Amino acid sequence: MTTEVRASHILVKTEEEAKKLYDEIKGGKDFADVAAEYSLCPSGAAGGDLGFFGKGMMVKPFEDAAFALEVGELSEPVETQFGWHLIYLTGKN
C-alpha cells in the first residue's frame, strides 16, 4: 500500500490557464520548465517539486488526485482553494 507519494505541481489562477499548460506538457514541453515559468507556488523555482508527502498533509482534492496517479503520470487540472494545479507524480513509497 502506498503511504507516501512524491509529486511536482504547477499552480495557476484559472482553469483555462491550467488546461493550456496541460496541453503544452502533453505536447512535449518539459514539466519542470513550465513550472519554473508559470507556477505561482514558490516550488516552481525547483521545477514544482514538493518532495514526498503522506495522506493528510495536503488539501483533500490535491491529495486525492496525487494518490490516484501512477509514477510518470500528469493529472488533469485539479481545483483547490489555492487555484488550479497540474500534478506530476514522480515517486511512490
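This report describes the packing of helix α3, the surroundings of serine 8 and the salt bridges in a predicted model.

## Helix α3 and its packing

Helix α3 spans residues 60-68, and its buried residues are Phe62, Glu63, Ala65, Ala66 and Phe67. These buried residues pack against four strands: β1 (4-12), β2 (49-54), β3 (78-80) and β4 (83-92).

Helix α3 also carries a salt bridge, formed by aspartate 64 and lysine 60, with the closest N and O atoms 2.9 Å apart. The two residues are separated by about one helical turn, because they stand 4 residues apart in helix α3. Aspartate 64 has 37% relative accessibility and is therefore partly exposed. Lysine 60 has a relative accessible area of 54%, so this residue counts as exposed, the cut-off for that class being over 50%.

## Serine 8 in strand β1

Strand β1 contains serine 8. The relative accessibility of this residue is 8%, so serine 8 is classed as buried, a class that requires a value under 20%.

Leaving aside residues up to four places away in sequence, serine 8 touches Phe31, Gly47, Gly48, Asp49, Leu50, Leu86, Ile87, Tyr88 and Thr90. One of these contacts, Asp49, also takes part in a salt bridge with arginine 6.

## Salt bridges between distant parts of the chain

The whole structure contains 6 salt bridges. In one of them, aspartate 49 pairs with arginine 6, and the closest N and O atoms are 2.5 Å apart. This pair joins distant parts of the chain, since aspartate 49 belongs to strand β2 and arginine 6 to strand β1, with their positions 43 residues apart. Both partners are partly exposed: aspartate 49 because its relative accessibility is 26%, and arginine 6 because its relative accessible area is 32%.

A salt bridge also connects the side chains of glutamate 70 and lysine 92, at 3.8 Å from N to O. Here too the pair links distant parts of the chain: glutamate 70 lies in the loop between α3 and β3, lysine 92 lies in strand β4, and they are 22 residues apart. Glutamate 70 has a relative accessible area of 49% and so remains partly exposed. Lysine 92, at 31% relative accessibility, is likewise partly exposed.

## A salt-bridge network

Salt bridges may also be joined to one another. Lys20, Glu24 and Lys29 form such a network, in which salt bridges link the three residues.

Methods:
Residues numbered from 1 in each chain as written. Predicted model: local features only at pLDDT ≥ 70, side-chain atom pairs only at ≥ 80, totals over all residues. Heavy atoms only, no water. Buried < 20%, exposed > 50% of the residue type's maximum accessible area, 1.4 Å probe, protein only. Contact = heavy atoms within 4.5 Å. Salt bridge = Lys/Arg side-chain N within 4 Å of Asp/Glu carboxyl O.
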